[in-house]
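Trainee: I have a model here and want to know what the terms used for it rest on. Can we go through them one at a time?

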Amino acid sequence: MRKSLHLQAEMTAEFGTCVFDVTLDCEDGAPVGGEADHAALVTGLALAAAPEARVAVRVHPVDHPAFDADVSTIAGQAASRLTHLMVPKVESVADVQRAVAAMDAAGATSLPLHVLIESPAAVHRAFDIAAHPRVQSLSFGLMDFVSAHGGAIPADGMGVTGQFSHPLVLRAKIEIASACHAHGKVPSHNVVTEFKDPAALQTAAHKAARELGYTRMWSIHPDQIRPILAAFAPEDREIHTAAGIIERAAAADWAPVQFDGRLHDRASYRFYWQVLERAHQTGHAVPESVRHWFESAPPAPLAAVQAVRH
(Lines give C-alpha, C1' and ligand atoms only; values in the text may rest on other atoms or scores of the structure.)
Protein backbone atom coordinates (compact mmCIF):
# COMPACT_ATOMS: atom_id res chain seq x y z
CA MET A 1 0.00 0.00 0.00
CA ARG A 2 2.85 2.36 0.81
CA LYS A 3 4.47 1.54 -2.55
CA SER A 4 1.20 2.44 -4.30
CA LEU A 5 1.03 5.80 -2.55
CA HIS A 6 4.67 6.49 -3.37
CA LEU A 7 4.09 5.66 -7.03
CA GLN A 8 1.04 7.90 -7.08
CA ALA A 9 3.11 10.80 -5.76
CA GLU A 10 5.82 10.19 -8.36
CA MET A 11 3.34 10.10 -11.25
CA THR A 12 1.47 13.15 -9.95
CA ALA A 13 4.74 15.09 -10.13
CA GLU A 14 5.43 13.71 -13.61
CA PHE A 15 1.98 14.39 -15.11
CA GLY A 16 1.14 17.55 -13.20
CA THR A 17 -2.10 16.01 -11.94
CA CYS A 18 -3.13 12.90 -10.05
CA VAL A 19 -3.94 10.35 -12.74
CA PHE A 20 -5.01 7.35 -10.65
CA ASP A 21 -6.54 6.53 -7.29
CA VAL A 22 -5.02 4.26 -4.68
CA THR A 23 -7.62 2.00 -3.07
CA LEU A 24 -6.38 0.60 0.24
CA ASP A 25 -7.88 -2.83 0.76
CA CYS A 26 -9.53 -4.21 3.87
CA GLU A 27 -11.58 -7.01 2.30
CA ASP A 28 -8.70 -9.14 1.02
CA GLY A 29 -5.89 -7.25 2.73
CA ALA A 30 -6.85 -7.87 6.37
CA PRO A 31 -5.87 -11.18 7.99
CA VAL A 32 -8.68 -13.10 9.70
CA GLY A 33 -8.89 -11.81 13.23
CA GLY A 34 -6.81 -8.76 12.41
CA GLU A 35 -9.54 -6.66 10.82
CA ALA A 36 -9.49 -3.91 13.44
CA ASP A 37 -5.72 -3.49 13.26
CA HIS A 38 -5.84 -3.38 9.48
CA ALA A 39 -8.61 -0.75 9.52
CA ALA A 40 -6.45 1.35 11.83
CA LEU A 41 -3.49 0.89 9.48
CA VAL A 42 -5.31 2.07 6.35
CA THR A 43 -6.84 4.96 8.28
CA GLY A 44 -3.36 6.08 9.29
CA LEU A 45 -2.09 5.78 5.72
CA ALA A 46 -4.99 7.84 4.39
CA LEU A 47 -4.49 10.55 6.99
CA ALA A 48 -0.76 10.70 6.29
CA ALA A 49 -1.12 10.91 2.50
CA ALA A 50 -0.09 14.07 0.67
CA PRO A 51 -2.81 16.73 0.22
CA GLU A 52 -2.98 16.12 -3.53
CA ALA A 53 -3.21 12.33 -3.13
CA ARG A 54 -6.39 10.52 -4.11
CA VAL A 55 -6.96 7.71 -1.63
CA ALA A 56 -9.94 5.40 -1.15
CA VAL A 57 -10.59 2.34 0.99
CA ARG A 58 -12.36 -0.91 0.20
CA VAL A 59 -14.09 -2.14 3.36
CA HIS A 60 -15.64 -5.53 4.06
CA PRO A 61 -19.08 -6.42 2.61
CA VAL A 62 -22.14 -5.18 4.50
CA ASP A 63 -22.89 -8.67 5.86
CA HIS A 64 -19.37 -9.21 7.23
CA PRO A 65 -18.92 -8.95 11.01
CA ALA A 66 -16.19 -6.32 10.55
CA PHE A 67 -18.19 -4.02 8.27
CA ASP A 68 -19.55 -1.62 10.88
CA ALA A 69 -16.22 -1.36 12.66
CA ASP A 70 -14.44 -0.75 9.34
CA VAL A 71 -16.73 2.14 8.46
CA SER A 72 -16.74 3.58 11.97
CA THR A 73 -12.95 3.64 12.10
CA ILE A 74 -12.09 4.58 8.54
CA ALA A 75 -14.93 6.89 7.55
CA GLY A 76 -15.22 8.22 11.08
CA GLN A 77 -11.60 9.37 11.21
CA ALA A 78 -10.45 9.85 7.62
CA ALA A 79 -13.52 10.83 5.58
CA SER A 80 -12.06 14.25 4.81
CA ARG A 81 -9.00 12.61 3.20
CA LEU A 82 -10.85 9.96 1.20
CA THR A 83 -12.13 10.28 -2.35
CA HIS A 84 -14.69 7.54 -1.71
CA LEU A 85 -15.46 4.37 0.18
CA MET A 86 -15.77 1.13 -1.77
CA VAL A 87 -18.11 -1.66 -0.70
CA PRO A 88 -17.73 -5.12 -2.30
CA LYS A 89 -20.38 -7.74 -3.04
CA VAL A 90 -23.28 -5.32 -3.19
CA GLU A 91 -26.38 -7.31 -4.16
CA SER A 92 -29.21 -4.77 -3.96
CA VAL A 93 -30.29 -1.22 -3.20
CA ALA A 94 -30.84 -2.39 0.37
CA ASP A 95 -27.10 -3.10 0.64
CA VAL A 96 -26.37 0.39 -0.62
CA GLN A 97 -28.74 1.87 1.94
CA ARG A 98 -27.07 -0.19 4.66
CA ALA A 99 -23.66 1.15 3.64
CA VAL A 100 -24.88 4.74 3.42
CA ALA A 101 -26.49 4.49 6.87
CA ALA A 102 -23.18 3.29 8.35
CA MET A 103 -21.26 6.09 6.63
CA ASP A 104 -23.72 8.70 7.84
CA ALA A 105 -23.58 7.31 11.37
CA ALA A 106 -19.80 7.75 11.24
CA GLY A 107 -20.23 11.39 10.20
CA ALA A 108 -19.20 10.82 6.56
CA THR A 109 -22.42 12.24 5.16
CA SER A 110 -20.92 13.56 1.93
CA LEU A 111 -18.45 10.76 1.18
CA PRO A 112 -19.23 9.10 -2.19
CA LEU A 113 -19.79 5.36 -2.42
CA HIS A 114 -18.32 2.99 -5.01
CA VAL A 115 -19.73 -0.52 -5.22
CA LEU A 116 -18.56 -3.83 -6.65
CA ILE A 117 -21.07 -5.82 -8.70
CA GLU A 118 -20.07 -9.48 -8.41
CA SER A 119 -23.07 -11.77 -8.95
CA PRO A 120 -25.83 -12.44 -11.50
CA ALA A 121 -28.44 -11.01 -9.11
CA ALA A 122 -26.42 -7.84 -8.63
CA VAL A 123 -26.07 -7.42 -12.40
CA HIS A 124 -29.85 -7.78 -12.69
CA ARG A 125 -30.28 -4.89 -10.22
CA ALA A 126 -27.44 -2.75 -11.60
CA PHE A 127 -29.73 0.01 -12.91
CA ASP A 128 -31.44 0.41 -9.53
CA ILE A 129 -28.10 0.38 -7.70
CA ALA A 130 -26.60 2.96 -10.06
CA ALA A 131 -29.62 5.22 -9.52
CA HIS A 132 -28.85 5.72 -5.82
CA PRO A 133 -27.64 9.32 -5.30
CA ARG A 134 -24.65 8.36 -3.12
CA VAL A 135 -23.33 5.79 -5.60
CA GLN A 136 -20.63 7.35 -7.77
CA SER A 137 -19.24 4.30 -9.56
CA LEU A 138 -19.96 0.62 -10.25
CA SER A 139 -17.05 -1.80 -10.64
CA PHE A 140 -17.34 -5.27 -12.14
CA GLY A 141 -15.94 -8.08 -10.01
CA LEU A 142 -15.08 -10.59 -12.70
CA MET A 143 -13.68 -13.49 -10.70
CA ASP A 144 -16.44 -13.55 -8.11
CA PHE A 145 -19.01 -13.23 -10.90
CA VAL A 146 -17.62 -16.28 -12.70
CA SER A 147 -17.37 -18.24 -9.45
CA ALA A 148 -21.01 -17.38 -8.64
CA HIS A 149 -22.10 -19.55 -11.59
CA GLY A 150 -21.06 -22.80 -9.91
CA GLY A 151 -18.81 -23.96 -12.73
CA ALA A 152 -21.27 -23.11 -15.53
CA ILE A 153 -18.76 -20.57 -16.89
CA PRO A 154 -15.38 -22.18 -17.62
CA ALA A 155 -12.17 -20.90 -16.04
CA ASP A 156 -11.11 -19.10 -19.19
CA GLY A 157 -14.04 -16.75 -18.55
CA MET A 158 -11.71 -15.09 -16.06
CA GLY A 159 -8.94 -14.68 -18.64
CA VAL A 160 -8.48 -11.93 -21.19
CA THR A 161 -9.89 -13.95 -24.08
CA GLY A 162 -12.86 -15.57 -22.37
CA GLN A 163 -14.08 -12.52 -20.48
CA PHE A 164 -14.70 -10.70 -23.75
CA SER A 165 -16.25 -13.66 -25.57
CA HIS A 166 -18.34 -15.63 -23.09
CA PRO A 167 -21.94 -14.37 -23.50
CA LEU A 168 -22.80 -14.25 -19.79
CA VAL A 169 -19.66 -12.34 -18.84
CA LEU A 170 -19.90 -9.96 -21.77
CA ARG A 171 -23.57 -9.31 -21.04
CA ALA A 172 -22.76 -8.47 -17.42
CA LYS A 173 -20.10 -5.97 -18.48
CA ILE A 174 -22.47 -4.28 -20.91
CA GLU A 175 -25.30 -4.12 -18.36
CA ILE A 176 -23.06 -2.47 -15.77
CA ALA A 177 -21.69 0.08 -18.23
CA SER A 178 -25.19 0.85 -19.51
CA ALA A 179 -26.57 1.24 -15.97
CA CYS A 180 -23.81 3.69 -15.11
CA HIS A 181 -24.27 5.82 -18.21
CA ALA A 182 -28.05 5.86 -17.72
CA HIS A 183 -27.58 7.53 -14.35
CA GLY A 184 -24.44 9.60 -14.93
CA LYS A 185 -22.19 7.28 -12.92
CA VAL A 186 -18.74 5.85 -13.72
CA PRO A 187 -18.32 2.25 -14.91
CA SER A 188 -15.04 0.73 -13.72
CA HIS A 189 -13.67 -2.31 -15.52
CA ASN A 190 -12.30 -5.33 -13.71
CA VAL A 191 -8.67 -6.27 -13.20
CA VAL A 192 -6.51 -8.23 -15.61
CA THR A 193 -4.79 -10.96 -13.62
CA GLU A 194 -2.24 -11.71 -16.35
CA PHE A 195 -0.09 -8.88 -14.99
CA LYS A 196 3.08 -10.19 -16.68
CA ASP A 197 1.47 -10.14 -20.12
CA PRO A 198 1.52 -6.54 -21.46
CA ALA A 199 -0.26 -7.50 -24.68
CA ALA A 200 -3.14 -9.06 -22.75
CA LEU A 201 -3.53 -5.95 -20.65
CA GLN A 202 -3.45 -3.67 -23.69
CA THR A 203 -6.12 -5.78 -25.37
CA ALA A 204 -8.40 -5.75 -22.34
CA ALA A 205 -7.98 -2.05 -21.62
CA HIS A 206 -8.60 -1.10 -25.25
CA LYS A 207 -11.73 -3.24 -25.47
CA ALA A 208 -13.06 -1.92 -22.16
CA ALA A 209 -12.56 1.70 -23.19
CA ARG A 210 -13.35 1.59 -26.91
CA GLU A 211 -15.96 -1.17 -27.20
CA LEU A 212 -17.75 -1.50 -23.86
CA GLY A 213 -17.98 2.09 -22.69
CA TYR A 214 -15.90 1.84 -19.52
CA THR A 215 -14.20 5.03 -18.38
CA ARG A 216 -12.12 3.60 -15.56
CA MET A 217 -10.19 0.39 -14.88
CA TRP A 218 -8.58 -1.40 -11.97
CA SER A 219 -4.92 -2.31 -11.87
CA ILE A 220 -3.30 -4.85 -9.55
CA HIS A 221 0.34 -4.16 -10.39
CA PRO A 222 2.33 -0.94 -10.92
CA ASP A 223 3.32 -2.01 -14.43
CA GLN A 224 -0.34 -1.96 -15.47
CA ILE A 225 -1.02 1.70 -14.72
CA ARG A 226 0.68 3.39 -17.68
CA PRO A 227 -0.79 1.01 -20.30
CA ILE A 228 -4.26 1.53 -18.82
CA LEU A 229 -3.84 5.30 -18.90
CA ALA A 230 -2.73 5.09 -22.52
CA ALA A 231 -5.72 2.95 -23.49
CA PHE A 232 -8.24 5.21 -21.78
CA ALA A 233 -6.73 8.49 -22.98
CA PRO A 234 -7.84 10.01 -26.28
CA GLU A 235 -5.36 9.88 -29.13
CA ASP A 236 -3.49 13.03 -30.16
CA ARG A 237 -5.59 13.45 -33.32
CA GLU A 238 -8.78 13.22 -31.24
CA ILE A 239 -7.50 15.86 -28.82
CA HIS A 240 -6.60 18.32 -31.60
CA THR A 241 -9.91 17.77 -33.40
CA ALA A 242 -11.79 18.34 -30.15
CA ALA A 243 -9.83 21.52 -29.43
CA GLY A 244 -10.51 22.90 -32.91
CA ILE A 245 -14.23 22.25 -32.66
CA ILE A 246 -14.57 23.68 -29.15
CA GLU A 247 -12.54 26.76 -30.04
CA ARG A 248 -14.71 27.45 -33.08
CA ALA A 249 -17.91 26.78 -31.13
CA ALA A 250 -16.92 29.18 -28.35
CA ALA A 251 -16.15 31.89 -30.91
CA ALA A 252 -19.68 31.41 -32.29
CA ASP A 253 -21.25 31.60 -28.79
CA TRP A 254 -22.02 27.88 -29.05
CA ALA A 255 -24.21 28.22 -32.12
CA PRO A 256 -23.85 25.50 -34.81
CA VAL A 257 -20.58 25.61 -36.77
CA GLN A 258 -18.89 23.64 -39.50
CA PHE A 259 -15.50 22.00 -39.04
CA ASP A 260 -13.72 20.02 -41.73
CA GLY A 261 -16.89 19.95 -43.78
CA ARG A 262 -19.12 18.63 -40.99
CA LEU A 263 -21.86 20.37 -39.05
CA HIS A 264 -21.51 20.47 -35.26
CA ASP A 265 -23.92 21.67 -32.60
CA ARG A 266 -24.30 21.38 -28.83
CA ALA A 267 -24.66 17.61 -28.90
CA SER A 268 -21.24 17.16 -30.51
CA TYR A 269 -19.79 20.02 -28.44
CA ARG A 270 -20.63 18.02 -25.32
CA PHE A 271 -18.86 14.98 -26.77
CA TYR A 272 -15.69 16.85 -27.74
CA TRP A 273 -15.58 18.71 -24.43
CA GLN A 274 -15.55 15.29 -22.77
CA VAL A 275 -12.62 14.27 -25.00
CA LEU A 276 -10.66 17.24 -23.67
CA GLU A 277 -11.66 16.44 -20.09
CA ARG A 278 -10.40 12.89 -20.55
CA ALA A 279 -7.13 14.19 -21.95
CA HIS A 280 -6.73 16.47 -18.94
CA GLN A 281 -7.56 13.66 -16.50
CA THR A 282 -4.95 11.36 -18.00
CA GLY A 283 -2.15 13.91 -17.97
CA HIS A 284 -2.13 14.75 -21.69
CA ALA A 285 -1.36 18.27 -22.82
CA VAL A 286 -4.49 20.13 -23.90
CA PRO A 287 -3.88 22.51 -26.85
CA GLU A 288 -3.15 26.10 -25.82
CA SER A 289 -6.26 27.46 -27.55
CA VAL A 290 -8.55 25.74 -25.02
CA ARG A 291 -6.15 25.08 -22.15
CA HIS A 292 -7.44 27.93 -19.96
CA TRP A 293 -10.73 26.12 -19.41
CA PHE A 294 -8.93 23.18 -17.83
CA GLU A 295 -5.94 24.70 -16.07
CA SER A 296 -8.19 26.58 -13.65
CA ALA A 297 -10.42 23.55 -13.04
CA PRO A 298 -9.89 21.36 -9.96
CA PRO A 299 -8.72 17.77 -10.49
CA ALA A 300 -11.44 15.59 -11.93
CA PRO A 301 -13.41 13.73 -9.24
CA LEU A 302 -12.95 10.46 -11.10
CA ALA A 303 -9.59 9.41 -12.47
CA ALA A 304 -9.06 6.77 -15.11
CA VAL A 305 -7.33 4.11 -13.06
CA GLN A 306 -7.57 2.56 -9.63
CA ALA A 307 -4.67 0.78 -7.96
CA VAL A 308 -5.30 -1.79 -5.31
CA ARG A 309 -2.61 -2.82 -2.85
CA HIS A 310 0.56 -4.38 -4.33
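Mentor: Start with the largest nonpolar core of this predicted model. That core has 73 residues, and Val57, Ile74, Leu82, Leu85, Leu113, Val115 and Leu138 have the most contacts inside it. Helix α8 (residues 167–182) gives the most to this core, with 6 residues.

Trainee: What makes a set of residues a nonpolar core?

Mentor: The members must be buried residues of types such as Val, Leu and Ile, joined through side-chain atoms within 4.5 Å. Another core, of 16 residues, lies apart from the largest one and includes Ile239, Ala242, Ala243 and Ala249.

Trainee: Which residues does Leu113 touch, not counting those up to four places away in sequence?

Mentor: Among them are Leu85, Val87, Val96, Ala99, Val100 and Met103. Leu113 also touches Arg134, Val135, Gln136 and Ser137. Contact means heavy atoms within 4.5 Å, so these residues meet that cut-off with Leu113.

Trainee: Why are Ile239 and Ala242 of α11 called buried?

Mentor: Buried means under 20% relative accessible area, so both residues fall below that value. Glu238, Ala243, Gly244, Ile245, Ile246 and Ala249 of α11 are buried as well. What covers the buried residues of this helix includes α9 (198–210), β8 (257–259), β9 (262–264), α12 (266–281) and α13 (288–295).

Trainee: How do you know that the span of α11 is close to the expected one?

Mentor: Helix α11 (residues 236–251) has 16 residues, and the expected span takes one less than that number at 1.5 Å each, so 22 Å is expected. From first C-alpha to last, α11 reaches 23 Å, which is close to that. After α11 comes Asp253, with a positive phi near 55°.

Terms used: Residues are numbered from 1 along each chain as its sequence is written. This is a predicted model: local features need pLDDT of at least 70, side-chain atom pairs count only at pLDDT 80 or more; totals for chains, interfaces and linings use all residues. Side-chain values use heavy atoms; hydrogens and water are left out. Helices (H or I, at least four residues) and strands (E, at least two) are DSSP runs, numbered from the N terminus. Buried means under 20% relative accessible area, exposed over 50%, partly exposed in between (1.4 Å probe, protein chains only).
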